[in-house]
Structures are given as C-alpha cells and as structure tokens.
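User: I have a model open and want to go through it piece by piece. Please keep the answers short.

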Amino acid sequence: QVQLVESGGGLVQAGGSLRLSCAVSGRTFGSYAMGWFRQAPGQEREFVAAIRWNGAWTNYADSVKGRFTISRDNTKGTVYLQMNSLKPEDTAVYYCAARSSSGGYASNQQKDYGYWGQGTQVTVSS
C-alpha cells in the first residue's frame, strides 16, 4: 500500500516562496522515484519536478528550473517542493505522485506514476 497526502499550499504574492510537502505512507518510500505535477484552471495536468528513488538525480520542467527545488527525506517518508520567485502562472493544484514500481528514474511521464495524492491548491497573486 502506498498513500500520499500533500500539504503546504496556500495564497502567496508574486515573488514569494512556498514549500509543499508530501507525506508517504508505508515502509518502502525510499524505493520509489517521486514526482510533482500541477494542473491550472482549464489546463491539462503538467509535469513540474521529479526525483530519482535514491535521490541521485532530479528532473525539472523548463518553466520552473532555477525557481523550484525538489528534495526528499526517506527517513521521514516525505518529499518536498520548495517554490521560490513564484509567478501568477504558477497558480494551480499541485499533485504529488509515486512511480508505479520500485526503483526507477525521475520520469516526467504521468503514465509512469501509479500513486497520486489528492492535491493542494497554490494561488499566486500579482
């Protein structure tokens, strides 16, 4: 069983920062690559960032490179998304996801992720 619960969303002004957290249940958190995706109103869900199962590699969408940082703490069973220099375009529901099988790389493909959280709203005002 793998369950994911996001937290940390909220309202922030443009240029501000926010940190999202994703708590993962189970004893095998450290075996899964993890990812963050987001979906803005009227838009398709898109890739944001991912981290390899062993934390040795990270992957980011071009739109967030240099501003967002994904990290994980396997001892706490938590993955984070630190978001800096936020823009109104970052407004979306952010979803945490775990790959469908143990191991693996930091994929940017939604189909590679078999476990999803319910999402947390991030709103960036101008």
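User: Which backbone oxygen does the side chain of R67 reach?

Analyst: This is a predicted model, where local features need pLDDT of at least 70, side-chain atom pairs count only at pLDDT 80 or more, and totals for chains, interfaces and linings use all residues. Residues are numbered from 1 along each chain as its sequence is written, and side-chain values use heavy atoms, with hydrogens and water left out. R67 sits in the loop between strand 6 (58-60) and strand 7; strands are DSSP runs (E, at least two residues), numbered from the N terminus. At 2.9 Å, the R67 side chain reaches the backbone oxygen of S63.

User: Is R67 buried or exposed?

Analyst: Buried means under 20% relative accessible area, exposed over 50%, and partly exposed in between (1.4 Å probe, protein chains only). Beyond its neighbours within four places in sequence, R67 has contacts (heavy atoms within 4.5 Å) that include Q82, M83, N84 and D90. Its relative accessible area is 11%, so R67 is buried.

User: What is the strand order of the open sheet of four strands?

Analyst: Two strands pair if DSSP finds at least two bridges between them. Four bridges join strand 1 (residues 4-7) to strand 3, and six join strand 3 to strand 8 (residues 78-83). Pairing in this sheet is antiparallel, and the order is 1-3-8-7.

User: Which are the edge strands of that sheet?

Analyst: The order to read is 1-3-8-7. An edge strand here pairs on one side only. That gives strand 1 and strand 7.

User: In strand 8, which residue is the bridge partner of S21?

Analyst: Strand 3 runs antiparallel to strand 8. Toward strand 1, V5 stands opposite A23, and L4 stands opposite V24. In strand 8, S21 has as its bridge partner Y80.

User: How many of the seven residues of strand 3 are buried?

Analyst: Strand 3 covers residues 18-24. It is largely enclosed by the rest of the structure, because the buried residues number five of the seven.

User: Which cysteine does the disulfide join to C22?

Analyst: The structure holds one disulfide, a pair of cysteine sulfur atoms within 2.5 Å. It links distant parts of the chain, strand 3 and strand 9, 74 residues apart. Both cysteines are buried, and the link is left-handed, with -85° about the S-S bond. The S to S distance is 2.2 Å, and the partner is C96.

User: Which residues touch the most other members of the largest nonpolar core?

Analyst: A nonpolar core is a set of buried Ala, Val, Leu, Ile, Met, Phe, Trp, Tyr and Cys residues joined through side-chain atoms within 4.5 Å. This one has 35 residues. Strands that each supply at least two of them include strand 4 (34-39), strand 5 (46-51) and strand 9 (92-99). Those touching the most other members are M34, W36, V79, L81, M83 and Y94.

User: Where is Q110, and which side chain does its own side chain meet in a polar contact?

Analyst: Q110 lies in the loop between strand 9 and strand 10 (113-116). Q110 is partly exposed, with a relative accessible area of 29%. A polar contact is a pair of N or O atoms within 3.5 Å; within protein, one must be able to donate a hydrogen and the other to accept it, and residues adjacent in sequence count only if both atoms are side-chain atoms. At 2.7 Å, the side chain that Q110 meets is that of R45.
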